[in-house]
Amino acid sequence: MHTLAEWTALAQTLEFRNLAWIDGGFRAAISGDTFPAINPATEELLAEVASCDSADIDAAVVAARRVFKSGEWSRSAPAERKRVLLKLADLMEQHSDEFALLDTLDMGKTINEMVYIDVPDAIDCLRWTAECIDKVYGEIAPTKPSTLGLITRHPIGVVGAITPWNYPLLMAMWKLAPALAAGNSVVLKPSEKASLSCLRLAELARKAGLPDGVLNVVPGFGHTAGKALALHMDVDSLAFTGSTRVAGMLMQYAGQSNLKRVWIEAGGKSPLIVFDDCADIEAAARGAAGAIFSNQGEVCIAGSRLYVQNSIREPFIEALKRFAGKYQPGNPLDPKVKMGPMVDRAQLDTVNRYIQSAIDEGGTIAHGGLADTDGQGFYPRPTIVTDTRPDMTCVREEIFGPVLSVAGFDSEEEVIALANDSIYGLGASIWTDNLSRAHRVAAAIESGMVWVNGWGEGDTTMPFGGVKGSGNGRDKSLHALEKYSELKSVWISL
Ligand code: NAD
């Protein structure tokens, strides 16, 4: 790991790719418009980025369709696609410092998280998925003997991917790796709050041998470029990660256009439940602090609702406050810093509004509180609200910031009802040493993922996704490939 001085020096040497990547080359938005990429730690301008809209999206979709039809990628041997994607993974590894810096500078997460989580996880996702693609087989159905029923998988065509800013490189890779491995062409619209790493990735993909037009990265706003992609009549499927509100809009756009499939990874309000039979209270408190304060709480699976059994409530909250104290916001380029700034001023204001609502609605601020918004950089204060009730705004809504609401409970039945009292169903974390209870509660929680005696554990082998308002699809694992291929049934009369 470099020192702060070394990262700072490296940051000075970075070149930002700020144009759209369409059909194998960089180009400005057809309108000539740009939007600023601001470093949230310093409020300095990093680059003016091409602000694309429907004309640019159209050019990208045309290129994507052309190459898809040519078969150059879509009908290439899976082993060939594997070779190119593995090469891209190697190139990413060679440029890992650069990728780490790009997202840290663009959206404020700590360099530590980039180096140990985002960059290696993105490379692992790409490698793992590439390695799989020449090992998945079709099926032969148990039809009557006079027929042969083949069930085969084919790439869908042009996939539109729309991604958020909280893990800019990693969330994009969760879409790109399976979509590209399966033989599709992709038009990626990254978040306007963090597009720089995806633009660099596209450039490297060409170097790895990806044919022109197979991957296009079109930066721009949601209501312009994103909407145009979602409404496009020649886009076959949409893969989305972002808020539940925008997910609903995308489903409408699909209905208004060509019924493209919409795969959604959306918001969350994940419960973290600590039972009094949990043997290691310190580990649970450390885990709870990490679940809400890592990445500034800008995490879809953030453990934002803590339920702790009343018999251990007071000592647990004391331990939790101790671990919360380790998340002192600071310069995200400093490897010792565990919390950076929020992505922008609007997000910091949102966090402050929720903290104020918690105070107004009767919560107790046990740690942290309202952040000062006058200083340089958009730094939040990690905050713990106790004495919360299920009807409070801070308990019901996704804050997407470092704000934890805490409530007590007495029985297993009661806490399952509390945990499930949410429109969301993404993740859940249970802390207990009772094996039967762990299985019972994991089964009863309405969520796509459950961690027992941990939080956020995940590698590419396990699916990631939610239920209810948290979405319908799964990223990662072999299941992700299902989103990016069509089934075909072929009957052969013998
Ligand atoms: P967002 O919904 O505001 O934006 C996500 C993307 O959608 C961006 O690229 C944005 O430009 C685009 N967009 C916005 N309006 C659009 C429109 N009308 N048409 C088309 N595209 C549009 O979300 P965000 O603020 O970038 O990210 C935070 C959200 O993402 C949180 O809710 C978080 O929980 C969620 N998230 C979910 C997962 C998951 O795997 N479930 C992972 C990370 C983040």
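A residue is counted as near the ligand if one of its heavy atoms lies within 4 Å of it. In this predicted model, 30 residues surround the ligand, the closest being Thr-163, Lys-189, Glu-192, Ser-243 and Glu-398. By class, this shell is made up of 15 nonpolar, 10 polar and five charged residues.

Several polar side-chain atoms lie opposite heteroatoms of the ligand, and these involve both oxygen and nitrogen atoms of the ligand. Glu-192, which is among the closest residues, places a polar side-chain atom 2.6 Å from a ligand oxygen atom, and a polar side-chain atom of Trp-165 is found 2.9 Å from an oxygen atom of the ligand. For Tyr-253, the partner is a nitrogen atom of the ligand, which lies 3.2 Å from a polar atom of the side chain. On its own, the ligand has 850 Å² of accessible area, of which the protein covers 92%.

The space that the ligand takes is the largest pocket. Two or more residues of the shell are given by each of helix H8 (222-231), strand S10 (237-241) and helix H9 (244-256), with H9 supplying the largest share, four residues. At the level of domains, the shell draws at least three residues from domain 1 (4-266 + 471-493) and at least three from domain 2 (271-460).

Notes:
Residues are numbered from 1 along each chain as its sequence is written. This is a predicted model: local features need pLDDT of at least 70, side-chain atom pairs count only at pLDDT 80 or more; totals for chains, interfaces and linings use all residues. Side-chain values use heavy atoms; hydrogens and water are left out. A polar contact is a pair of N or O atoms within 3.5 Å; within protein, one must be able to donate a hydrogen and the other to accept it, and residues adjacent in sequence count only if both atoms are side-chain atoms. Accessible areas come from the Shrake-Rupley method with a 1.4 Å probe; for residues, only the protein chains shown count as cover. On a 1 Å grid over the protein atoms alone, a cavity is a set of points where a 1.4 Å probe fits but cannot get out, and a pocket is an open set with protein on both sides within 12 Å along at least five of seven lines; lining residues have an atom within 4 Å of a point. A molecule sits in a cavity or pocket if more than half of its atoms lie within 2 Å of its grid points. Ala, Val, Leu, Ile, Met, Phe, Trp, Tyr, Cys and Pro count as nonpolar, Asp, Glu, Lys and Arg as charged, and the others, Gly among them, as polar. Domain bounds come from an automatic or database domain assignment.
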